[in-house]
Amino acid sequence: MLANLRPGDHVLLERQNENREGDWYIQAWFRDETTYQLEFRNGVAAEHYQTLTTSEEKVSQALLGWAADEPDWQSSFTWNNIGAMFGAPTTEAAKEPTL
């Protein structure tokens with residue numbers, strides 16, 4: 001599947017486990033002709049990470065390692081925590097004018 005991605009396409013693997021709450025997944029997005037964006041999330045927004053690579057082989061190894069629940073599948077990359085991008089938005093209630 002990874003080898004057949006075209007720019008803009010992505011592949012998503014999700015882990016379903018009734019004993020774990022939240023979203024558990026890994027995804028690879030083929031951004032352009034040379035760059036993959038790889039992301040994974042461990043349950044909650046604060047545990048959402050991203051990296052970029054030009055290596056299809058490393059992306060493939062990461063996807064397979066994650067799917068097999070290998071303990072060090074992510075060690076080939078430098079990961080950035082992007083969880084703040086997915087946190088709950090803060091809104092301030094508008095004050096109603098008093099009469």
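**A five-strand sheet and a helix**

Mentor: Strand E2 and strand E3 (residues 36–43) pair in the antiparallel sense over eight bridges, where pairing requires that DSSP finds at least two bridges between two strands. The model is predicted, so local features need pLDDT of at least 70 and side-chain atom pairs count only at pLDDT 80 or more, while totals for chains, interfaces and linings use all residues. Residues are numbered from 1 along each chain as its sequence is written, and side-chain values use heavy atoms, with hydrogens and water left out.

Trainee: In what sequence do the elements of the protein run from the N terminus on?

Mentor: Helices (H or I, at least four residues) and strands (E, at least two) are DSSP runs, numbered from the N terminus. By that rule the protein has one helix and five strands. Read from the N terminus on, the elements run β-β-β-β-α-β.

Trainee: What order do the strands take in the open sheet?

Mentor: Strand E1 (residues 10–14) pairs with E2 in the antiparallel sense over five bridges, and E3 is joined to strand E4 (residues 48–53) by six bridges, again antiparallel. E4 and E5 also pair in the antiparallel sense, over two bridges. The open sheet of five strands, with its antiparallel pairing, therefore has the order E1-E2-E3-E4-E5.

Trainee: Which strands stand at the edges, each with a single partner strand?

Mentor: One side of each of these edge strands is left without a neighbour in the sheet, because each has a single partner strand. The two at the edges are E1 and strand E5 (80–81).

Trainee: How many residues lie between E3 and E4 in their hairpin?

Mentor: E2 and E3 form a hairpin of their own, with five residues between them. In the hairpin formed by E3 and E4, the number of residues between the strands is four.

Trainee: Which residue in E4 is the bridge partner of Glu39?

Mentor: Such partners can be named along the sheet: Leu13 stands opposite Ile26 in E2, and the bridge partner of Trp29 in E3 is Gln37. Further on, Tyr49 stands opposite Asn81 in E5. For Glu39, the bridge partner in E4 is Gln50.

Trainee: How many of the eight residues of E3 are buried?

Mentor: Buried means under 20% relative accessible area, exposed over 50% and partly exposed in between, with a 1.4 Å probe and protein chains only. Six of the eight residues of strand E2 (residues 23–30) are buried, so E2 is largely enclosed by the rest of the structure; the same description holds for E4, because five of its six residues are buried. E3 is mostly covered, and its count of buried residues is seven.

Trainee: At what angle to E2 does helix H1 run?

Mentor: Helix H1 (residues 56–67) lies across E1, E2, E3 and E4. The axes are lines fitted to C-alpha atoms, for helices over the stretch in contact (heavy atoms within 4.5 Å), and angles run from 0 to 180 degrees between N-to-C directions. On that scale H1 runs to E2 at about 165°.

Trainee: How far away is the nearest side chain of opposite charge from Arg41, which is buried yet has no salt bridge?

Mentor: Arg41 has its place in strand E3 and stands opposite His48 in E4; leaving aside neighbours within four places in sequence, its contacts include Trp24, Tyr25, Glu47 and Phe86. Lys and Arg count as positive and Asp and Glu as negative, with His and the chain ends not counted, and a salt bridge needs a side-chain nitrogen of Lys or Arg within 4 Å of a carboxyl oxygen of Asp or Glu. The nearest side chain of opposite charge to Arg41 is Asp23, at 4.3 Å.

Trainee: How far apart in space are Gln27 and Leu38, C-alpha to C-alpha?

Mentor: Gln27 lies in strand E2 and touches, among others, Val11, Leu38 and Glu39, not counting residues up to four places away in sequence. Gln27 and Leu38 are 11 residues apart in sequence, but in space their C-alpha atoms are apart by 5.8 Å.

Trainee: What value is phi of Asp69 near?

Mentor: Most residues other than glycine have a negative phi. Asp69, in the loop between H1 and E5, has a positive phi, near 60°.
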